[in-house]
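Welcome! Please open the structure in your viewer and get ready to select a few things, one stop at a time.

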Amino acid sequence: MSSPALAVQFGESELRLLQALVYEECGMYFDARRAHFLQDRLQRRLRECRVDSFYSYYRLLISAEGKQELACLLENLTVNETSFFRNRAQLDLFHKHLLDEVIRKKQEKQDYQIRIWSAGCSTGQEAYTVAMLIADALAYHQLRMPHSGETTWPKPLVPPPWRVEIPASDINYSVLRAGQEGIYNEHQMSSVDYNYRLRYFDKVGERYAIKKAIKEIVHFDFHNLKTEFLPQRNDVIFCRNVMMYFDEAEQRRLVEKFYRCLTPGGYLLVGHAESLLGLTDKFSMVYRENGTAYKRIEVSQ
Ligand SMILES: C[S@@+](CC[C@H](N)C(=O)[O-])C[C@H]1O[C@@H](n2cnc3c(N)ncnc32)[C@H](O)[C@@H]1O
């Protein structure tokens, strides 16, 4: 193949073909409003792969040898914007009410395992925010327990017998690697106050590294939300600002999967601009002080 200097020509039908392939692979739906973005990223990949015809590239994408290029194209199509403590009102609801309920109910059943999934985690800020909030909530819970003075020193991040697991998943390998590394610059840290910086980060030169104890409870992994192989038995699922890139049919399928991935009475938290309204009747909405969450409804046998 030659190295094209000019943009490769393709029309609406070619774009539709690619749009269908991307939708089939990962659920992202590029409607007319986002067609320009798809076109732009496609041109970029064609240039970088030095391919001079749309159909040569398409054939590569659907071939067995093209799996890596397909993953690379999808990475180019994802929007990875994220931040620490994003949507404070919802995090307040999570911290003050939902976590409190989860911890209390688990304590009653003497089930000390908490699992909270960050689905579509991007570079990890959401999962680490959740980890910091749980560490605080469990420390506070422990304080209120009788005999709370009997702790070891240095205090563990997660007080025994509690065990916390935060699976953090994405379809984009580059963001997963960044999350795993857990080092953030001053700009990315702008929403983290000094109290949290001091307790949960180490300063490394000009940047901030997530402390080892927090990293140990967050596990980054590749999961495509389009598939059925997803983390199970979650007490809470954060899937924020992901569904907005899917069409309604795919959103319905995803919400159905999340229902099955939650423990009874578990919670699903979606983005500020997203809602389960009209998608399902298997969740009830919880709303407090501008924060929204959805609770799994249990159907009696
Ligand atoms: C805008 S970011 C949201 C990050 C974080 N949840 C937040 O709200 O700050 C959306 C993320 O969803 C991921 N994503 C998109 N489609 C996905 C899919 N089918 N499976 C898993 N992750 C997906 C993207 O790679 C991207 O990192």
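**Stop one: a helix**

Select α6 to begin: 16 of its 20 residues are buried (under 20% relative accessible area, 1.4 Å probe, protein chains only), so the rest of the structure largely encloses this helix. Before going on, note that this is a predicted model, in which local features need pLDDT of at least 70 and side-chain atom pairs count only at pLDDT 80 or more, while totals for chains, interfaces and linings use all residues. Residues are numbered from 1 along each chain as its sequence is written, and side-chain values use heavy atoms, leaving out hydrogens and water.

Helix α6 covers residues 125-144; helices here are DSSP runs of H or I with at least four residues, numbered from the N terminus. How far apart are the end C-alpha atoms of α6? They are 29 Å apart, which agrees with the 28 Å that its 20 residues should span at 1.5 Å a residue (the expected span is 1.5 Å times one less than the number of residues).

**Stop two: the ligand**

Now select the ligand and the 20 residues around it, of which C26, T82, R86, D170 and N241 come nearest (a residue counts if one of its heavy atoms lies within 4 Å). Zoom in on T82, where a side-chain N or O atom is 2.5 Å from an oxygen atom of the ligand. D170 also has a polar side-chain atom 2.5 Å from a ligand oxygen. At N224, a polar side-chain atom lies 3.1 Å from a nitrogen atom of the ligand.

**Stop three: D92**

Finally, select D92 in helix α5, residues 88-109. Measuring from its C-alpha atom to that of N172, 80 residues apart along the chain, gives a separation of 29 Å.

Definitions and conventions:
Helices (H or I, at least four residues) and strands (E, at least two) are DSSP runs, numbered from the N terminus. Buried means under 20% relative accessible area, exposed over 50%, partly exposed in between (1.4 Å probe, protein chains only). A polar contact is a pair of N or O atoms within 3.5 Å; within protein, one must be able to donate a hydrogen and the other to accept it, and residues adjacent in sequence count only if both atoms are side-chain atoms.
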